[in-house]
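Let us take a walk through a protein together, one piece at a time. Have the sequence and the 3D view ready, and turn the model as you read.

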Amino acid sequence: MMMEFLVDMVTTVPDGTADAEVDAIRIREAARSRELAAHGHLLRLWRPPLEAGEWRTWGLFHATDATELESVLSSMPLRVWRHDTVTPLTAHPSDPGSGDVMSNQTSVDEAGMLDAVLTRWKAAVDTHQPESVAALFTTDAIFQGLHPYTVGQAGVAEYYAAQPAGMTAVYTLRESRALSEGLVLGYLTVDFGFRDRATLTVYLSVIIRQDADDWRIVHYQVSRLN
């Protein structure tokens with residue numbers, strides 16, 4: 001049985017920490033938060049009223065018990081600077097509940113699942129790691145870039161290995177749909193940046209599938225529209 005926990009997260013950055021280090025860990029924190037949302041552990045985040053210089057967040061988390069919650073919280077990069085106060089929550093007898101609320105949460109979860117996979121895809125593309133990109137695809141993935149299609153991870157790795165060093169990807173998720181249990185469709189635009197040429201904007205459709213250990217891309221199709 002899953003339980004809900006309200007976590008008051010107060011972060012104190014050590015004196016003398018470089019701004020670049022703070023920015024880097026906040027980027028990793030955001031990516032990890034999206035992953036936890038995709039897996040159903042992080043439900044909501046709020047920013048309470050803050051005092052001057054205070055860095056604080058309230059989070060609503062899902063976990064089977066306090067032990068699993070601690071594992072979830074300790075996996076977040078900012079935990080090295082953060083103190084968490086946990087309050088277990090129980091249902092109120094007058095809680096109205098709402099089917100609309102659940103429907104909205106499902107939509108958020110779909111986008112979170114896609115965003116978690118795409119964040120890792122972008123990181124691997126930006127650092128020119130074709131094998132890491134390929135690992136985000138299923139072994140039977142249909143891949144259609146701007147060349148003839150391939151099936152499987154080897155074709156994905158070969159495609160990205162042929163891309164120029166310095167290429168970056170900036171994506172915007174436009175739509176998401178749950179096709180069935182463990183299968184989510186996403187439609188997005190991607191701006192591929194290059195060092196020696198103009199930015200290339202494409203339209204991308206992806207389907208991610210939940211396998212035994214993670215969500216991976218099972219279908220990837222790029223198109224260019226005038």
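The paragraphs below go from the whole chain to its sheets, and then to two residues in helices.

Before we start, please keep in mind that this is a predicted model. The chain has 226 residues, and 40% of them are buried. Its C-alpha trace spans about 55 × 45 × 35 Å along the principal axes. As you trace the backbone, you will come across five helices and ten strands. How much of the contacts with a separation of 6 or more comes from residues 24 or more positions apart? Such pairs account for 58% of those contacts.

Now look at the outside. About 13000 Å² of the chain is exposed, and carbon and sulfur atoms supply 54% of that area. The chain also carries 18 positive and 30 negative charges. If you take the mean position of each group, the two points lie 6 Å apart.

Next, find the sheet of four strands. What is the order of its strands? Going across this open sheet, you meet E2, E3, E1 and E4, with antiparallel pairing. The edges are formed by strand E2, residues 42-46, and strand E4, residues 82-89, each of which pairs on one side only. On average, neighbouring strands in this sheet are turned by 20° against each other, direction ignored.

Let us go through the pairs in this sheet. Strand E1 covers residues 3-11 and pairs with E4 in the antiparallel sense over eight bridges. You can check this pairing by eye: Thr11 stands opposite Arg82 in E4, and Met9 has Asp84 of E4 as its bridge partner. E1 also pairs with E3, again in the antiparallel sense and over eight bridges. Here Asp8 stands opposite Trp58 in E3, while Phe5 faces Phe61 of E3 as its opposite residue. Finally, E2 and E3 run antiparallel and are joined by four bridges. In that pair, look for Arg44 opposite Leu60 in E3.

A helix accompanies this sheet. Helix H2, residues 66-74, packs on the sheet and touches E1, E4 and strand E3, which is residues 56-63. The direction of H2 makes about 130° with that of E3.

Now move to helix H1, residues 19-38, and pick out Glu29 there. Is Glu29 buried or exposed? Its relative accessible area is 9%, and since buried means under 20%, Glu29 counts as buried. Which residues does Glu29 touch, leaving aside its neighbours within four places in sequence? They are Met76, Pro77, Leu78 and Arg82. You have already met Arg82, as the residue in E4 opposite Thr11.

There is also a sheet of six strands to find. This open sheet has the order E6-E5-E10-E9-E8-E7, with mixed pairing. Its edge strands are E6, residues 150-151, and E7, residues 168-180, and each pairs on one side only. Further inside that order, strand E9 (residues 200-210) pairs with strand E10 (residues 215-223) in the antiparallel sense, over eight bridges. To see one of the matches, locate Tyr203, whose bridge partner in E10 is Ser223.

This sheet has a helix lying across some of its strands too. H5 lies across E6, E10 and strand E5, residues 137-144, and runs at about 50° to E5.

Our last stop is Tyr159, found in helix H5, which takes in residues 153-161. Tyr159 counts as buried because its relative accessibility is 15%, and the cut-off for buried is under 20%. Apart from its neighbours within four places in sequence, Tyr159 is in contact with Phe143, Gly145, Leu146 and His147. How far apart are the C-alpha atoms of Tyr159 and His147? They are separated by 8.3 Å, and the two residues are twelve residues apart along the chain.

To finish, turn the model once more and revisit both sheets: the open one of four strands and the open one of six strands. Then find the two buried residues of our tour again, Glu29 and Tyr159.

Methods: Residues are numbered from 1 along each chain as its sequence is written. This is a predicted model: local features need pLDDT of at least 70, side-chain atom pairs count only at pLDDT 80 or more; totals for chains, interfaces and linings use all residues. Side-chain values use heavy atoms; hydrogens and water are left out. Two strands pair if DSSP finds at least two bridges between them. Helices (H or I, at least four residues) and strands (E, at least two) are DSSP runs, numbered from the N terminus. Axes are lines fitted to C-alpha atoms, for helices over the stretch in contact, and angles run from 0 to 180 degrees between N-to-C directions. Contact means heavy atoms within 4.5 Å. Buried means under 20% relative accessible area, exposed over 50%, partly exposed in between (1.4 Å probe, protein chains only). Accessible areas come from the Shrake-Rupley method with a 1.4 Å probe; for residues, only the protein chains shown count as cover. Lys and Arg count as positive and Asp and Glu as negative; His and the chain ends are not counted. The place of a charge is taken as NZ of Lys, CZ of Arg, CG of Asp or CD of Glu.
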